[in-house]
Amino acid sequence: MSTTTTTTELVETKKSGGLTAVAANYIDERTSISTAVKELGRKIFPDHWSFLLGEVALYSFVIILLSGSFLTFFFSASMTPVLYDGSYVPLKGVEMSAAMSSSLDISFDIRGGLLMRQVHHWAALLFVAAIGLHMLRIYFTGAFRKPRELNWVIGFILFILAMAEGFTGYSLPDDLLSGNGLRIIDGMVKGIPLIGTWISFLLFGGEFPGEAIIGRLYSLHILLLPAIIVALIAMHLLFVVVHKHTQYPGAGRTNQNVVGYPVLPVYAAKAGGFFFIVFGVVMLMASLFTINPIWNYGPYDPSPVSAGTQPDWYIGFADGALRLIPPGLEFVWLDRTYSFNILIPLVSLGLFILVVLIYPFIEAWVTGDKREHHILDRPRNAPTRTAIGAAGVTFYAALWATASSDIIATHFRVTIEGVILTMQFLTLVGPFIAFFIAKRVCLALQKKDREIVLHGYESGRIVRLPGGEYIEVHQPIDEYERWKLVSYSDYKPLMIRPNAQGKITAGQKLRAGMSRWFFEDRIEPVTSTELEQSHGDHH
Amino acid sequence: MTTIKKPKSPGGRKAGRRHPLSSVALIAIGLLFTGGAYAAFSTSTASAETSATSQQTIGEGKKLFAANCATCHGLAAQGTGSGPSLIGVGAASVDFQVGTGRMPLQMNGPQAEKKAVQFTDEQIAALAAYVSSLAPGPGLPEAKLLDEKGDAANGAELFRINCAMCHNVAGAGGALTEGKYAPSLDGVTSKHIYEAMVTGPQSMPVFNDMNITPESKRDIITYLKYLENNPSPGGYALGSLGPVSEGLFLWIFGLGAIVALTVWITAKSN
């Protein structure tokens with residue numbers, strides 16, 4: 001090789017590297033960003049599909065922000081009546097609010113507007129669904145345990161805020177469907193004793209529907225709620241970085257380490273690519289499938305209600321709760337009406353939400369466990385928690401399904417009364433059945449794990465011994481697999497102990513009772529002694 | 001046929017009859033007359049059912065009625081314990097019930113359902129003629145009310161106010177009590193929609209001409225046909241059932257696809 005070529009190569013590499021280096025240096029000297037990049041870039045993330053669900057939620061939120069910004073350019077949040085003069089024929093000349101008219105213009109007269117509306121709406125549905133699934137993963141793997149309790153609370157508040165965002169957005173077009181949704185909210189607010197009517201008038205600026213509500217919801221929808229959500233997402237992610245990511249149990253994984261890939265370069269590239277995958281899925285849905293055809297619903301008018309009027313899926317559980325309440329629960333007392341058909345759902349849903357919100361603290365109190373946990377539980381190894389989760393999911397699912405009672409009735413050809421009765425039963429009794437089944441299944445799976453650890457897999461190979469005895473050969477499990485099956489924390493019911501004054505308080509008794517309920521039925525992990533012994537038994 | 005002029009000479013007559021074009025002419029004349037008669041017949045049924053329905057049609061209808069309907073409705077359509085009286089229900093009611101296959105009833109259930117039509121158009125017309133001969137009632141709609149060229153915007157508004165609570169804003173149908181339901185209006189002919197409004201079959205209320213004028217009914221039909229003939233601007237409509245089908249689609253296909261992709265993206269390469 002001649003010297004000239006080497007120098008040119010050198011010069012070239014220096015040139016390209018030089019610019020990056022200069023730019024990087026320029027930025028670093030002014031921002032000290034290299035510390036952050038070093039720290040973040042070396043952050044290890046374990047690889048598992050269920051760890052990406054939160055990412056899906058984040059990405060759908062980004063899509064919502066982008067498409068939503070587009071929509072704000074053309075949406076007019078005003079309830080001033082106008083005559084529609086756009087290109088959708090069956091609404092021409094109909095009087096409607098400017099909000100509805102501008103939503104229709106977005107759908108029919110602005111290039112790409114309908115696509116953006118549908119992207120926005122599908123992404124919103126995906127956003128809440130991804131949060132829900134993410135939350136289920138966190139719950140069933142026990143990822144909310146110390147030190148992540150607060151992040152669970154933040155995440156759950158994000159879920160509630162996402163629903164609020166969804167509902168305010170659903171109401172903005174001022175079409176028949178959204179107006180009916182608002183009317184139900186108005187009814188629920190008015191159902192609160194003493195202050196309900198006042199709150200309703202305050203909210204709507206007078207008698208429902210008034211002329212103020214769309215503008216107010218718009219402020220909440222595009223300003224206040226997104227700002228809080230962005231702030232909470234930032235906190236949520238910061239906590240993920242501070243706490244390190246949890247990981248599933250496995251050989252080589254301990255509470256002190258994280259086994260996975262560093263953020264840079266592979267993980268960041270994968271995650272960045274994944275954003276476009278999620279965007280692509282949303283785009284496909286939005287371009288091929290209609291969502292919220294406001295042109296069918298027409299402008300809001302308090303008199304008509306369409307068959308099949310439902311909220312978007314994430315509000316369904318509340319709608320279902322209203323549908324489940326039997327009639328005749330309104331009482332007049334002291335000249336005031338007390339609508340228990342509203343109050344019972346309001347209070348029970350409020351309690352349900354509260355229990356989910358503070359569940360990590362309840363469990364920590366019951367177990368008395370103050371250790372940090374970075375290794376996830378396999379759901380079977382926490383039978384009572386898994387069973388409580390199954391009960392909660394059943395309760396929620398029953399309420400949720402009830403929101404579609406009329407659609408179930410027509411499509412499965414059953415009576416709507418029968419559907420409601422079945423769902424009432426499932427809502428009240430279903431959680432107990434689910435609890436029992438889930439707990440027994442968990443215990444059975446734990447027993448199976450124990451069996452496998454001690455005696456290995458049944459290989460199906462029958463061998464005749466010289467003495468004439470037939471035995472089935474059990475394949476011993478390899479050590480890596482065995483680690484997964486034996487390394488879980490086992491809890492025993494707490495003993496009641498008297499406090500410093502020598503008294504046993506009611507709180508102590510409750511805690512001991514709860515602890516007994518949690519851990520009475522349990523399968524202990526296989527100990528090494530047991531393992532030693534079992535080796536002597538066979539082969 | 002006597003009005004057609006023929007050549008006078010006997011020889012010419014014979015030659016005319018044997019003329020190569022004579023069969024063509026005969027067929028043309030025949031077609032002209034049957035077509036004309038058919039047109040006259042159909043317009044007259046549309047305007048008023050009494051003028052064109054001859055006694056003979058009524059007689060035929062009576063026979064059909066006795067054979068197929070009288071078991072439940074009684075031999076004189078007076079009604080029995082198992083079927084209502086049909087006196088005064090009019091031709092529109094018969095045409096709707098029999099023309100959509102709801103009658104004759106196949107089995108007892110929450111409501112009579114649409115099924116394969118059991119009679120030919122002539123038989124249905126005969127039945128309608130017979131039933132309307134018993135007492136005056138709502139007649140078949142005029143053709144100009146079914147031309148689907150009314151004001152769709154007015155129709156849409158009327159539909160939302162009067163029909164959507166049972167049939168859904170997009171006419172996709174909805175649930176009623178005790179297993180009854182408002183059927184989907186997709187694919188229902190204009191005539192049957194009109195007749196249903198006038199006669200109020202089963203759980204449906206009657207929308208008489210004082211309530212919704214014939215022109216407004218025409219508008220409603222125009223709107224429904226607009227929905228039927230124009231695909232949803234947003235893409236596949238998922239049954240036009242509203243947020244339930246959207247949510248179901250999102251959870252199964254949207255989130256399903258996303259989860260499949262997360263599994264794919266985190267899969268270890270072989």
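**Figure 1. Cys69(B) sits in a loop between two helices of chain B.** The loop joins helix 4 (55-68) to helix 5 (70-73). The model shown here and in the other views is predicted. Cys69(B) is buried, because 24 other C-beta atoms lie within 10 Å. The cut-off for a buried residue is 20 or more. The unreviewed UniProt entry lists Cys69(B) under "binding site". Cys72(B) and His73(B) are covered by that annotation too.

**Figure 2. Cys72(B) lies in helix 5 of chain B.** Cys72(B) counts as partly exposed, because it has 16 C-beta neighbours inside 10 Å. That count falls between the limits of 12 or fewer for exposed and 20 or more for buried. Leaving aside neighbours within four places in sequence, Cys72(B) is in contact with three residues: Thr80(B), Ser82(B) and Gly83(B). Like Cys69(B), Cys72(B) belongs to the "binding site" annotation in the UniProt record.

**Figure 3. Chain B contains 12 helices and two strands.** Along the sequence the pattern runs α-α-α-α-α-α-α-α-α-β-β-α-α-α. Chain B has 270 residues, and 39% of them count as buried. Take the contacts in chain B with a separation of 6 or more: 66% of these come from residues 24 or more positions apart.

**Figure 4. Gln202(B) has a positive phi without being a glycine.** The angle is about 55°. Gln202(B) occupies the loop between helix 10 (190-199) and helix 11 (214-229) of chain B. With 15 other C-beta atoms within 10 Å, Gln202(B) is partly exposed.

**Figure 5. Leu238(B) is a non-glycine residue with a positive phi.** Its phi is about 55°. Leu238(B) is placed in the loop that runs from helix 11 to helix 12 (243-266) of chain B. Leu238(B) counts as partly exposed, because it has 19 C-beta neighbours inside 10 Å. A residue needs 20 or more to count as buried.

**Figure 6. A cis peptide bond links Lys146(A) to Pro147(A).** Omega is about 10° at this bond. Pro147(A) is in a loop of chain A, between helix 5 (113-140) and helix 6 (149-171).

**Figure 7. Leu264(A) and Pro265(A) are joined by a cis peptide bond.** Here omega is about -5°. Pro265(A) belongs to helix 10 of chain A, which covers residues 263-288.

How values were computed:
Residues are numbered from 1 along each chain as its sequence is written. Chains are lettered from A and ligands numbered from 1 in the order in which they are written. This is a predicted model: local features need pLDDT of at least 70, side-chain atom pairs count only at pLDDT 80 or more; totals for chains, interfaces and linings use all residues. UniProt positions are given in the numbering used here, feature names are shortened, and annotations may be inferred rather than shown by experiment. Helices (H or I, at least four residues) and strands (E, at least two) are DSSP runs, numbered from the N terminus. Two residues are in contact if their C-beta atoms, placed from the backbone, lie within 7 Å.
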